[in-house]
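Here are a few short exercises to work through with the model open beside you. Try each task before reading its solution.

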Amino acid sequence: MAAPAAADKGSEAPLEAALADVPELARLLDTDPYLKPFAADFQRRYKKFIQVLSDIGENEGGIDKFSRGYESFGIHRCADGSIYCKEWAPGAEAVFLTGDFNGWNPFSHPYKKLEYGKWELCIPPKQNNSLIPHGSKLKVVITSKSGEILYRISPWAKYVVRERDNVNYDWIHWNPEDPYKFKHSRPKKPRSLRIYESHVGISSHEGKIASYKHFTCNVLPRIKDLGYNCIQLMAIMEHAYYASFGYQITSFFAASSRYGTPEELKELVDTAHSMGITVLLDVVHSHASKNSEDGLNMFDGTDSCYFHSGPRGTHDLWDSRLFIYSSWEVLRFLLSNIRWWLEEYCFDGFRFDGVTSMLYHHHGMGQGFSGDYHEYFGLQVDEDALIYLMLANHLAHTLYPDSITIAEDVSGMPALCSPTAQGGGGFDYRLAMAIPDKWIQLLKEFKDEDWNMGNIVYTLTNRRYLEKCIAYAESHDQALVGDKTLAFWLMDAEMYTNMSVLAPFTPVIDRGIQLHKMIRLITHGLGGEGYLNFMGNEFGHPEWLDFPRKGNNESYHYARRQFNLTDDDLLRYKFLNNFDRDMNRLEERCSWLSAPQAYVSEKHEGNKIITFERAGLLFIFNFHPSKSYADYRVGTALPGKFKIALDSDAAEYGGHQRLDHNTDYFAEAFEHNGRPYSLLVYIPSRVALILQNMDLPN
């Protein structure tokens, strides 16, 4: 049932009054007339955001100090060699510190109770060296109200490890004498964002967990060569269950130890920066693991501490805990976590996971989003979570103006990617999540000759003005076991038998290679203001992704990326890899992602032709499975001489070499499809072509 438009309690504030209180709101509402009936909602949200910022300023000295929680909470060695410890455990009866340093005596070092559920402990310095040396094990001991003795890992722990066959993680005090020092400055925010979605653990072709070192030495150079200027690192925040893909976080401040040490992750980020590559962290603040002995759950012996108590605190689908975003100390914890990754590891921003779940009390479960604006306002919206996201974006962009934030939101909430000053969510980009669904639907349900060109164009261009989108043909979601990558939908079992250049070029492999390139290029060129690819999919990785689990006998066989396939000159994977590289490099030169949205001049259903212009380039796609067209007239905005800039039919991309790259195409003053000029081209079947106007400056 659609909820009514919300307003301040007991009143229906007129539009003019709402605009008067938030001057920038008028600019936001001017971009989308459908928002105007909800001006009062934006006014209220903005006021609440400003009020929380004001409260933080009054009580904590500002968000700058508030977001430095990691400097006091947890365990810290002071300049005089003493140790300062602090925790928030409002439900605890008593708190103690134990570990290697005191022979695991659980009660020898009690914390002192402070106001607001906080506890602190000061341990005097030990002569000659630290009482708690780097690398030693620790535990927080909680005495619950019921008298139960609980051993816990500090929520602020910076390093945890699982030794041998242990079920739970151990908290390791990480305080090296010679910490890694960053040598390279952060890259400037790219004008065009080309993201390589990456998972360190699966980055080797061997069936094992790869390391930060391996990724730094072997994968970063590939990413640079492919023309991506940004990596999005998944599964970095520590998670006890490897097969959760990093989405069941247990220690929010700890970089996953399964890949190596914190210093090795810092080296990875620093090396990427030396290559001019921006590094984003996949941050999971939408929920947390239910683990209690090595997670946040039941930290102080209650189910409430960091989470909602009772049923509201559990996500039924994910079987995980849900944060209470209205809690002062939860805000401190999460905002400090944002700052920690930006400052300690020099990440350049975040992709926020599970934003839809955060935004709505129903978490998106059992809900379809039709685009009716009433779905985005009213009582179903969790405004506490929305205010937290606004605060997180405000903090990231205040600390580092070049930082980038991306929302994973399937609902399409309007203004999520508008500035907080306008009452928006403050994200830079949102993921265009409808696009991969469209490609899979076409491959599953329709013959090639039945593909609807208008529907493809609609899906790729259906985004709000001034809210930037990251387009992608497929991400990690499509690579997971139980689903299929585009390459597998296209070629399936023949990928195991007919990808050798010595094998016949079968119709299935031919179709798969040609459509794989076309789908990627049209998504890249038309679908958004940024582009994303999941590691390995650029060359049509032949197998799904499946982490070791009971269902596969704990096998690592599918938890890997076979980059070696692209290096084998006798295999056809190299063709897809080459095309992906040159597509990105052309975008780097011409910057269509940062250009205004494309002008689509043709979407011909019978001919299966789509043409559009963007950034001075002319994109031509012939999706017809068998028909080629000689002297096909294509409209364009400008006169001049055109040359082929990218041709999916070229030999180096596994094409049929039907186009002569020495050909000059001249646009004449002949109006066509609403464009003042046009030119004639030969466009073979299943070919994507980009023509560049040579009379324009590069």
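**Exercise 1.** Find out whether Phe 245 is buried or exposed, then look at its backbone.

Step 1: Phe 245 has 3% relative accessibility, so it counts as buried (under 20% relative accessible area; exposed is over 50%, partly exposed in between, with a 1.4 Å probe and protein chains only).
Step 2: Phe 245 sits in the loop between strand S12 (237–239) and strand S13 (249–255); strands (E, at least two residues) and helices (H or I, at least four) are DSSP runs, numbered from the N terminus.
Step 3: The phi of Phe 245 is near 65°, a positive value in a residue other than glycine.

A word on the source: this is a predicted model, where local features need pLDDT of at least 70, side-chain atom pairs count only at pLDDT 80 or more, and totals for chains, interfaces and linings use all residues. Residues are numbered from 1 along each chain as its sequence is written, and side-chain values use heavy atoms, leaving out hydrogens and water.

**Exercise 2.** Work out which residues of helix H2 (residues 23–31) are buried.

Step 1: Leu 25, Leu 28 and Leu 29 are the buried ones.
Step 2: Down the axis of H2, these buried residues fall within an arc of 95° (taken from the directions from the helix axis to the C-beta atoms), so they line one face of the helix.
Step 3: Pro 23, Arg 27 and Asp 30, on the other side of H2, are exposed.

**Exercise 3.** Determine the strand order in the open sheet of four strands.

Step 1: The order is S1-S2-S5-S4, with antiparallel pairing (two strands pair if DSSP finds at least two bridges between them).
Step 2: Strand S1 (74–77) and strand S4 (112–113) are the edge strands, each pairing on one side only.
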